[in-house]
Amino acid sequence: MLNQLNTLRETASQTAGPYVHIGLAPHAAGFDIFEKNFSNVLAGPQTRGERIVIEGRVIDGSGTPLRDVLVEIWQANADGRYNHPADRQPKPLDSAFQGWGRACSDFETGLYRFETVKPGPVEGRGGRVMAPHVNFWIVARGINIGLNTRMYFSDEAAANAADPVLNLIEWEVRRKTLIAERSERDGAVVYRFDIRIQGEAETVFFDV
Amino acid sequence: MTEQDHEYLPRNPAVHPPAFAPDYKTSVLRSPKNALISLQQSLSEVTGPVFDRAMLGPKDNDLILNYAKDGLPVGERIVVHGFVRDEFGRPVPDALVEVWQANAGGRYRHKKDQYIAPIDPNFGGCGRMMTDASGYYFFRTIKPGPYPWRNRINDWRPSHIHFSIAGSGWAQRLITQMYFEGDPLIAHDPILRSIRDDEAVRGLIAPLDRAHGIPLDSLAYRFDIVLRGARATLFENRLQGGS
């Protein structure tokens, strides 16, 4: 008999369920309990970079928006550096930017929204530069394990064309499901990023 | 070239429920049809949010007191505690652990919950904490009751507490549920049973911990959590600490 390599096994995932807001966004559940709450606003007054809004809907296999979804994002700062000790790229940190936020979709419209800054490009594996992108993680009732995806920017066509992760998707037609469309509304820059969980134009999800 | 000094072990799909698990009906329209695309991790996946303890209040991990208005909540007083480790057994310090649950009667404090069991005016049902240097966490709460849900017409969830864990890297992000030893509803739950591996199911069932109960006050349950293991990235870069 072969010897076993004894690593522990990762704890199994379970759905976040319909009442995920109670734990992760209690105000959305209908009550206030904590003095300080996590939020969907990543950029404060001191944060460097171009202010942007990211918004969209998460849509199920029937075309219906999820109205109980919770979305988290993780991104680099305007200079393309993550606020984490494992990122030692020689670029400035921004002490006014954690890089993480959490949003719930609206219970009526299904819209989620983040207020952040546009990230700079980050060095990928083997020194290949990745196009500016925002990492997404999606949980909800009916989703047994959080879905990972990335949002890229429609006004970064040249960088997107060279991005090592987008180029890993052999079905070119699927790459565009990760590109958010830029527009301007009332003087604000808005990127629209709809996520289709299942069916036609299904968003690419990653096993990271 | 900047060095990426570590990466996480690939996720073992056998320990997780599949996205499409038709006995859990909501998963049918909320699961991707396409296979996930596997990535070699970059800085985007091995880094993750760093949380500040100053975000937390003194009662954030005490669900018995953190919403008490004019008295104590009704129900079984319990302590839940354990260690957050990675797959190599190393402690995960400074992990953000968030929990939420129903009250003793199985009712959630949520505007969408219409179950006839009453709200407890002294119970909110959420808490949060960060692990210490050894990966340890603990909180105090009321044992949640089971509740019915619209799946099959007579489905009931076993008593459970929802857990969200943010470790040191984005790839470790995890949401799960903790169940209680001996609950007969565990055998009939389509959400827990969407996990096919029996050992993985057992890992979500917290044993009664007689040694850590508080006499004449509270019982205790022990729930250890394992996140993905970090290893040095070999070959492409130098080993961490190497020259």
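The following paragraphs describe a predicted model, beginning with the interface between chain A and chain B and proceeding to pairings within the chains.

The interface involves 84 residues of chain A, which are in contact with 92 residues of chain B. About 7900 Å² is buried between chain A and chain B, and carbon and sulfur atoms give 58% of this area. On the side of chain A, the residues that lose the most area to chain B are A:Glu10, A:Gln14 and A:Arg125, which together account for 12% of what that side buries.

Polar interactions also connect the two chains. Between chain A and chain B there are 44 residue pairs in polar contact, counted where both residues are at pLDDT 80 or more. The elements of chain A that give two or more residues to the side touching chain B comprise the helices α1 (20–24) and α2 (26–29), together with the strands β2 (70–74), β3 (100–104), β5 (122–123), β7 (133–139), β8 (147–153) and β12 (206–207). By residue class, the side of chain A that touches chain B divides into 42 nonpolar, 25 polar and 17 charged residues.

Side chains of opposite charge can pair when their charged atoms come close. Between chain A and chain B, the count is 9 salt bridges, and over all chains the structure holds 31. A:Asp68 takes part in a salt bridge across the interface with B:Arg30, where the closest N and O atoms are 3.0 Å apart. A:Asp68 also forms a salt bridge with A:Arg141, whose closest N and O atoms are likewise 3.0 Å apart. Because A:Arg141 lies in the loop between β7 and β8 of chain A and A:Asp68 in the loop between β1 and β2 of chain A, this pair ties together parts that are 73 residues apart in sequence.

Strand pairing provides a further link between the chains. Strand β12 of chain A is joined by 2 bridges to strand β2 (residues 37–38) of chain B, and the two strands run parallel. Here A:Asp207 stands opposite B:Ser38 in β2 of chain B.

Within chain B, an open sheet of 5 strands follows the order β5-β4-β9-β10-β11, with mixed pairing. Its edge strands are β5 (126–130) and β11 (205–206) of chain B, each of which pairs on one side only. Strand β4 (residues 96–100) of chain B pairs with β5 of chain B in the antiparallel sense over 5 bridges. In chain B, B:Leu96 stands opposite B:Met130 in β5.

Aromatic side chains supply another set of pairings, with 21 aromatic pairs over all chains. One of them joins A:Phe38 and A:Trp100 in an edge-to-face arrangement, at 5.3 Å centre to centre and with 85° between the planes. A:Phe38 lies in the loop between α2 and β1 (51–59) of chain A, and A:Trp100 in strand β3 of chain A, so the pair ties together parts that are 62 residues apart in sequence.

Definitions and conventions
Residues numbered from 1 in each chain as written. Chains lettered and ligands numbered in written order. Predicted model: local features only at pLDDT ≥ 70, side-chain atom pairs only at ≥ 80, totals over all residues. Heavy atoms only, no water. Contact = heavy atoms within 4.5 Å. Buried area = accessible area lost by both parts, 1.4 Å probe. Salt bridge = Lys/Arg side-chain N within 4 Å of Asp/Glu carboxyl O. Polar contact = N/O pair within 3.5 Å; in protein donor to acceptor, adjacent residues only side chain to side chain. Helix = DSSP H or I, 4+ residues; strand = E, 2+ residues; numbered from the N terminus. Nonpolar A, V, L, I, M, F, W, Y, C, P; charged D, E, K, R; others polar. Pairing = 2+ DSSP bridges. Phe/Tyr/Trp six-rings, centres within 6.5 Å; stacked < 30°, edge-to-face > 60°.
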